[in-house]
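Colleague: I'm just starting out with protein models and keep tripping over the vocabulary. Could you take me through one, and let me ask where each label comes from?

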Amino acid sequence: MSQKSQVLVVDDDLAMCGFLRSFLGARNYNALTVTNADEAVRRFHAERPAAVLLDVVMPGSMDGLAALAAFKKIDKDVPIIVISGQGRTSVVVQAMRLGATDFLCKPFEESELEVVIEKALKQHQLSQEVASLRAQLKEQSRYTMLFGHSHQMQEVRDLIERVSDTDVTVLIRGESGVGKELVARALHEQSLRKDKPFVKVNCAALPTELLESELFGFEKGAFTGAIQHKPGKFEFANHGTMFLDEIGDMSFPLQAKLLQALQDGEFSRLGGKADVRVDVRVITATNCDLESAVAGGRFREDLYFRLNVVTITIPPLRERREEIPMLTDHFVKKYSVQYNKPFPGTSAELANLFLEYEWPGNVRQLENMIKRMVVLGSEAPIVQELQQPASPLHHWPHTTSSSIFASNRSAAAAGHASTGCGGGARGSGGGGPGWHRHRLRRRRGGVRPARARRPTSRSRTSRAARRAGGTRADPPDADADPVEPQGSRRDPRHQLQGPPVQDQGERPGQGFVDPMADAFSKKKGRAF
């Protein structure tokens with residue numbers, strides 16, 4: 001062994017202590033002998049040996065089993081080998097229940113003791129290494145997506161280290177899926193508030209009313225259904241960190257209350273009479289253009305300046321492609337262990353496709369893609385997906401608002417020229433201007449046909465002209481031909497309502513007359 005391991009020997013027999021000291025020294029161990037259990041506990045607390053050889057029968061107020069329990073309270077992982085001349089089963093069982101690693105009965109063979117000590121020390125060393133690796137893996141899995149080896153992410157890491165131990169408000173900016181929440185958690189866990197709560201609230205997931213009650217809480221009877229007092233997230237995060245994700249989607253009225261909480265450190269619950277004072281560090285994140293939102297009046301300018309004390313911008317994955325192989329390897333190992341499906345790794349073809357892909361969903365898309373690959377046990381679907389042309393979902397055409405409005409106007413003009421308001425073609429029964437007024441109405445004797453209904457808005461002059469068999473002059477139609485073919489006849493109502501009608505039911509000088517409407521009008525004693 002490269003370094004001597006210290007072994008504490010606790011035995012009231014001086015001859016045994018001398019033998020064990022020589023035995024351990026010959027095998028490159030550093031022996032520390034004690035003849036009293038009380039003294040052994042004090043020396044164990046001060047020296048922290050790698051292993052303990054403990055006798056059961058000890059003089060004084062504390063025997064070997066009591067000392068064993070005291071050792072385990074100080075360090076539960078230390079290996080303790082019990083050596084005793086009393087090999088009763090009850091003593092062995094009690095020692096093993098208290099946490100003894102092994103039990104040897106006096107007298108014993110030197111080879112037997114040597115094997116037991118080596119095994120105990122090796123097991124203890126392995127347990128320490130496993131604990132250290134687990135801690136490193138936990139730390140790495142948490143921040144691997146954040147702390148890459150690219151120049152851009154190195155700047156992000158340096159900025160986090162500079163501001164993490166302060167209480168300044170931090171605004172994290174970046175596209176969706178780049179790891180903004182990981183940056184917020186890194187800021188919290190490297191700050192002086194790491195032992196306090198970290199509370200996350202997504203401002204885009206709740207409407208304004210629910211978001212206000214979620215953040216600031218409410219009193220009993222504040223609104224219908226408020227049957228008891230409920231503290232808000234700010235109170236839960238007191239002395240800790242509050243992470244407000246998608247801050248750009250917060251409503252304008254609620255921004256004023258948030259500004260007060262940030263500025264004064266106090267707020268009032270819904271329906272509350274007194275202010276609540278809290279000590280919370282606020283970290284916000286957004287993928288929106290807050291400057292444009294401020295210019296458009298959708299985001300308060302004073303709140304913007306209050307949040308934008310320190311800004312951390314995370315670059316998208318396509319701007320740090322050198323990190324893709326490292327992230328790929330990390331995610332493959334992570335989900336192979338999580339789903340108990342060993343995966344050999346990615347091929348050279350898939351690795352090249354990963355480097356050439358644009359990654360609109362950034363690291364989150366890469367993680368989900370590798371998760372699917374591990375679960376399916378094949379990379380063929382991923383290769384096929386990446387070899388296909390880019391989907392319009394990820395690559396929208398560049399359009400401006402003026403082009404959109406222009407296209408809408410042209411589409412509307414084309415629609416009026418060809419179909420009218422109802423959507424049907426002219427002359428096909430679909431109707432022209434005003435055709436939406438022709439609805440079926442239930443009258444006496446059944447449903448009145450749409451063309452037999454009189455227009456609802458007619459002047460007295462038009463009624464008189466209709467009784468005389470004349471027609472009312474139409475306003476000029478921009479869609480109509482400037483010169484009408486000679487000899488064509490139109491129904492008077494067609495000039496008001498759009499589509500031409502057939503000539504069935506027309507009478508000279510009277511225009512179109514429906515038989516049912518005519519009978520109904522005569523029954524009332526007036527002409528239709």
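Modeller: Sure, we'll go from confidence to sheets to single residues.

Colleague: What makes you careful with parts of this model, and how many residues reach a pLDDT of 70 or more?

Modeller: Well, this is a predicted model. The mean pLDDT of the protein is 77, and 70% of the residues get to 70 or more. Confidence is highest in strand β6 (residues 170–173), with a mean of 96, and lowest in helix α17 (residues 401–418), with a mean of 40.

Colleague: Which stretches have pLDDT under 50?

Modeller: One is residues 393–447, where the model has 58 contacts beyond four places in sequence. Another is residues 483–499, with 34 such contacts. Where pLDDT is low, the predicted coordinates shouldn't be read in detail.

Colleague: Okay, what is the whole thing built from, in helices and strands?

Modeller: The protein has 20 helices and 16 strands. Of its 528 residues, 37% count as buried. The accessible surface is about 30,300 Å², and carbon and sulfur atoms own 52% of that.

Colleague: Why are β2, β1, β3, β4 and β5 called an open sheet, and which are the edge strands?

Modeller: Those 5 strands line up in the order β2-β1-β3-β4-β5, with parallel pairing. The edges are β2 (29–34) and β5 (102–105), each of which pairs on one side only. Neighbouring strands there are turned by 20° against each other on average, ignoring direction.

Colleague: How do you know that strand β4 and β5 pair?

Modeller: Pairing takes at least two bridges. Strand β4 (residues 80–84) and β5 share 4 bridges in the parallel sense, so by that cut-off they are paired. For one of the partners, look at Val82, whose bridge partner in β5 is Phe103.

Colleague: And which helices lie on that sheet?

Modeller: Helix α1 (residues 14–26) lies across β1 (5–10), β2 and β3 (51–55), at about 165° to β2. Helix α3 (residues 64–74) packs on the sheet too, touching β1, β3 and β4, with its direction at about 160° to that of β3.

Colleague: What is the order of the sheet that holds β6?

Modeller: It's an open sheet of 5 strands, β7-β8-β11-β6-β12, with parallel pairing. Its edge strands are β7 (198–202) and β12 (310–313), each pairing on one side only. The average turn between neighbouring strands is 20°, direction ignored.

Colleague: How do you know where β6 sits in that order, and how many bridges does it make?

Modeller: Follow the bridges. β6 is joined to strand β11 (residues 281–286) by 4 bridges, running parallel, and to β12 by 4 bridges, also parallel. Both counts meet the cut-off of at least two bridges, so β6 pairs with each of them. On the β11 side, Val170 stands opposite Ile283. On the β12 side, Ile172 has Ile312 as its bridge partner.

Colleague: Why is Leu171 called buried?

Modeller: Leu171 lies in strand β6. Buried means under 20% relative accessible area, and Leu171 is at 0%, so it counts as buried. Its contacts beyond four places in sequence include Ile247, Thr284, Leu290, Val310 and Ile312. Leu171 and Val310 are 139 residues apart in sequence, yet their C-alpha atoms are 6.2 Å apart in space.

Colleague: What makes Ser213 buried as well?

Modeller: Ser213 is in helix α8 (residues 208–216). Its relative accessible area is 9%, which is under the 20% cut-off, so it is buried. Beyond four places in sequence, Ser213 touches Phe218, Lys230, Gly232 and Leu270.

Colleague: How do you know that the side chain of Ser213 makes a polar contact with Leu210?

Modeller: A polar atom of the Ser213 side chain lies 2.9 Å from the backbone oxygen of Leu210. The limit is 3.5 Å, so the distance fits a polar contact.

Colleague: Last one: what makes helix α7 "mostly covered"?

Modeller: Helix α7 (residues 180–189) has 7 of its 10 residues buried. Among them are Leu182, Val183, Leu187 and His188. In β12, by contrast, there is a covered face with Val310 and Ile312, and an uncovered one with Thr311 and Thr313.

Note on methods:
Residues numbered from 1 in each chain as written. Predicted model: local features only at pLDDT ≥ 70, side-chain atom pairs only at ≥ 80, totals over all residues. Heavy atoms only, no water. pLDDT = per-residue confidence, 0-100. Contact = heavy atoms within 4.5 Å. Axes fitted to C-alpha atoms, helices over the stretch in contact; angles between N-to-C directions. Buried < 20%, exposed > 50% of the residue type's maximum accessible area, 1.4 Å probe, protein only. Polar contact = N/O pair within 3.5 Å; in protein donor to acceptor, adjacent residues only side chain to side chain. Areas by Shrake-Rupley, 256 points an atom, 1.4 Å probe, with all protein chains shown as cover.
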